[in-house]
Amino acid sequence: MLNIKNLHVTVDDKEILKGLDLTVNAGEVHAIMGPNGSGKSTLANVLAGREGYTITKGSIDYEGKDLSGMAPEVRAREGIFLAFQYPVEIPGVNNIYMLKAAVNAKREYIGEPPLDAVEFLNLVKEKVKLVKLKEELLNRSVNEGFSGGEKKRNEIFQMAVLEPRLAILDETDSGLDIDALKIVAEGVNSLRNRDRAIILVTHYQRLLNYIVPDQVHVLFDGRIIKSGHRELALKLEEKGYDWVKSEAAA
Amino acid sequence: MATKTHDVETLVKKEYEHGFFTDIESDTVAPGLNEDVIAFISRKKNEPDWLLEWRLKAYRHWLEMEEPRWAHVHYPPIDFQDISYYSAPKTKQDGPKSLDEVDPKLLETYEKLGIPLHEQKLLAGVAVDAVFDSVSVATTFKEKLADAGVIFCSFSEAVQEHPELVRQYLGSVVPAADNFYAALNSAVFTDGSFCYIPKNTRCPMELSTYFRINASKTGQFERTLIVADEGSYVSYLEGCTAPMRDENQLHAAVVELVALDNASIKYSTVQNWYPGDEEGKGGIYNFVTKRGDCRGVNSRISWTQVETGSAITWKYPSCLLKGDNSVGEFYSVAVTNNYQQADTGTKMIHIGKNTRSTIISKGISAGHAENAYRGLVRITAKAENARNYTQCDSLLMGDKCGAHTFPYIEAKNASAQVEHEATTSKIGDDQLFYCMQRGISEEDAVNMIVNGFCKEVFKELPMEFAVEAQKLLGVTLEGAVG
């Protein structure tokens with residue numbers, strides 16, 4: 001589904017990704033781990049098409065399409081979803097009103113008729129249970145006055161409604177207490193299926209206790225320096241990143 | 001990486017939709033202003049002597065006055081001798097007696113603007129007075145209103161049919177010599193709308209005036225007078241458009257509202273005068289004096305305005321809160337794009353006891369535009385327990401525009417409570433990207449964010465107007481993301 005080859009990315013002329021390779025197939029969950037400043041969030045933002053990230057070399061192939069020239073809203077309609085590390089507040093814009101606009105923009109793109117208000121509300125009612133999001137939050141302004149945990153749950157709720165093919169979760173576990181983490185993880189697990197790939201960007205292996213990945217990658221200094229299975233994350237927790245760094249240097 | 005679908009600077013700018021010109025024969029006086037011109041206008045309108053005297057007095061005052069220069073706007077001096085002060089579509093008789101007699105070309109103009117004057121096609125519940133250049137061309141639903149005792153007609157007609165009411169209230173809120181442009185208007189005003197709601201009457205429908213400047217080199221100087229007698233209620237809407245022209249045109253209107261005991265007036269404006277082109281050429285100078293007088297106890301006047309047009313906007317719809325327990329409200333969205341300039345706000349003058357006022361102002365600037373909020377809250381010595389709440393928010397789009405806030409607060413009574421909140425924000429790239437990552441296009445995202453920003457004001461507008469206002473905002477800001 002996703003094939004990244006020798007990707008080099010600069011931000012403000014500073015090279016952050018320095019030859020990253022990654023292949024993700026449908027149905028898989030990949031965890032990207034790494035210390036601060038290794039390029040994890042850059043990878044998430046580049047995949048989503050954020051401005052200010054310049055690809056200087058290499059390629060990103062998504063479902064046989066070159067992502068580099070694709071506008072962010074088109075990527076979204078093609079099924080790429082980014083759960084933000086810091087979801088922004090948009091005062092005055094109703095949470096589910098925005099989501100309805102998003103759903104219908106995608107439906108229009110794939111040639112389906114827009115959902116009417118009743119159909120959309122039924123969809124919302126079904127999905128909101130997955131993340132146990134309080135219904136009163138649905139009609140508030142986007143993320144305004146949400147707690148940290150509510151913001152993250154709102155992201156997963158949006159993911160559930162938009163049903164992406166490729167979901168990138170950027171540090172979705174950060175700032176969550178253990179109960180909130182479990183709820184978010186359950187929500188994500190319920191969205192795992194054969195056609196959907198998920199990339200978890202995280203600092204901590206804690207999340208992987210609840211969302212068990214198929215593969216774990218260690219990102220360091222703009223490159224993936226080690227890949228493995230679930231056990232790699234546990235070993236990282238035990239030995240720290242220095243262990244992989246020295247191994248990679250050797 | 002080319003993450004953007006388009007360079008915003010080259011985004012197709014939607015043209016001003018109402019910029020067409022109606023080719024119609026009109027009676028237009030030669031440019032220039034003197035006592036003869038004023039007498040000509042007065043004669044044309046078959047006015048009583050007292051009104052001509054009133055005009056001339058205003059004119060003589062005006063000659064002594066200086067053009068105000070304190071507003072945060074910049075424009076070359078206006079040559080008041082180069083403006084024609086009277087232009088009217090030619091009519092076969094003295095004027096149309098009914099809609100059937102109105103020139104079909106005029107009806108067509110209003111159709112194009114989305115204001116059908118044929119009553120059967122009108123939105124149920126809205127009566128319209130259409131003002132074309134200097135004269136009112138049609139007023140709809142007159143009979144139905146008359147059944148309720150409501151008088152709604154053109155100003156000229158009111159002078160003929162209800163001279164006692166006009167004489168009693170004209171200039172009682174905005175005196176003829178109030179300010180430079182009000183004095184000019186008092187001297188040369190040509191038409192406008194008049195409305196009287198009798199005691200204990202709830203006006204059975206929304207009243208609306210639609211202003212259209214058509215002829216070139218003319219100014220539009222209309223006058224609106226609304227009197228809500230004791231215990232009455234009226235909701236009044238005002239809309240405006242003009243053709244696209246390279247020269248600037250002057251619009252200097254006066255609006256006076258009078259609310260007696262327990263009366264309530266809700267006045268809404270969607271102002272969409274031609275704003276000039278992208279380089280700032282042409283457009284309307286909108287120098288307007290609007291004031292409401294809460295004369296009676298428990299009276300209420302509420303101004304809601306959405307200002308998207310005009311090259312320069314200079315207006316401060318105000319409330320004189322004279323009656324005890326009276327309430328004044330001002331809800332405003334002012335949008336400026338390209339080289340538009342707006343200096344707008346309100347004045348709340350608390351005179352009676354327990355008077356309350358609320359000001360919600362939302363300014364949006366894009367392009368090279370300058371947007372200023374200027375507001376005065378004055379609590380006079382006798383105004384016990386007066387309360388004011390002011391909230392001014394500015395939204396900037398791009399980095400070449402400006403937002404300014406000039407609040408003036410004068411409290412002479414120790415029991416006053418005055419609150420002022422102000423914020424300035426930029427449409428965040430983060431907000432835009434968040435929406436776009438969900439599949440929403442950049443333009444839709446901007447619209448959504450801007451409408452969210454204006455929500456508190458839009459909810460004060462009558463339904464149809466709120467929809468129109470949202471659309472207008474979209475058109476005005478198209479391509480403004482930076």
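**Entry 1: β7 of chain A.** I looked up the partner of β7(A) in this predicted model. Two bridges join β7(A) to strand β8 (residues 141–142) of chain A, and the two strands run antiparallel. For A:N94 I noted the bridge partner in β8(A), which is A:S141. I then asked whether β7(A) is enclosed or open. Four of its five residues are buried, so β7(A) is largely enclosed by the rest of the structure.

**Entry 2: the four-stranded sheet of chain A.** I traced an open sheet of four strands in chain A and recorded the order β2-β1-β4-β5, with antiparallel pairing. Which strands stand at the edges? I found β2 (14–24) and β5 (65–66) there; each has a single partner strand, so one side of each is left without a neighbour in the sheet. I next checked the pairing of β4(A) with β5(A): these strands run antiparallel and are joined by two bridges. Within β5(A), A:D66 stands opposite A:D61. As background, I recall that strands of a sheet pair through backbone hydrogen bonds, either parallel or antiparallel.

**Entry 3: chain B as a whole.** I counted ten helices and 23 strands in chain B. Chain B has 482 residues, of which 63% count as buried. I also looked up how far apart in sequence its contacting residues lie. Among contacts between residues at least 6 apart in sequence, 84% join residues at least 24 apart.

**Entry 4: the extent of the interface.** I recall that the size of an interface is often given as the accessible area lost when the parts come together. For chain A and chain B, I noted about 2,600 Å² buried between them, with 63% of that area on carbon and sulfur atoms. How many residues does each chain bring to the contact? Chain A gives 40 residues and chain B gives 22 residues.

**Entry 5: polar and charged links across the interface.** I found two salt bridges between chain A and chain B. In one of these salt bridges, the side chain of A:R50 meets that of B:D430 at 2.6 Å, N to O. I also recorded twelve residue pairs in polar contact across the interface, both residues of each pair being at pLDDT 80 or more. I then listed the elements of chain A that each supply at least two residues of the side touching chain B: α1 (40–48), β4 (53–62), α2 (72–77), β6 (80–83), β7 (90–94), α3 (95–109) and α6 (148–162). By class, I noted 24 nonpolar, nine polar and seven charged residues on that side of chain A.

Technical notes: Residues are numbered from 1 along each chain as its sequence is written. Chains are lettered from A and ligands numbered from 1 in the order in which they are written. This is a predicted model: local features need pLDDT of at least 70, side-chain atom pairs count only at pLDDT 80 or more; totals for chains, interfaces and linings use all residues. Side-chain values use heavy atoms; hydrogens and water are left out. Contact means heavy atoms within 4.5 Å. Buried area is the accessible area (1.4 Å probe) that two parts lose on being put together, summed over both. A salt bridge is a side-chain nitrogen of Lys or Arg within 4 Å of a carboxyl oxygen of Asp or Glu. A polar contact is a pair of N or O atoms within 3.5 Å; within protein, one must be able to donate a hydrogen and the other to accept it, and residues adjacent in sequence count only if both atoms are side-chain atoms. Ala, Val, Leu, Ile, Met, Phe, Trp, Tyr, Cys and Pro count as nonpolar, Asp, Glu, Lys and Arg as charged, and the others, Gly among them, as polar. Two strands pair if DSSP finds at least two bridges between them. Buried means under 20% relative accessible area, exposed over 50%, partly exposed in between (1.4 Å probe, protein chains only).
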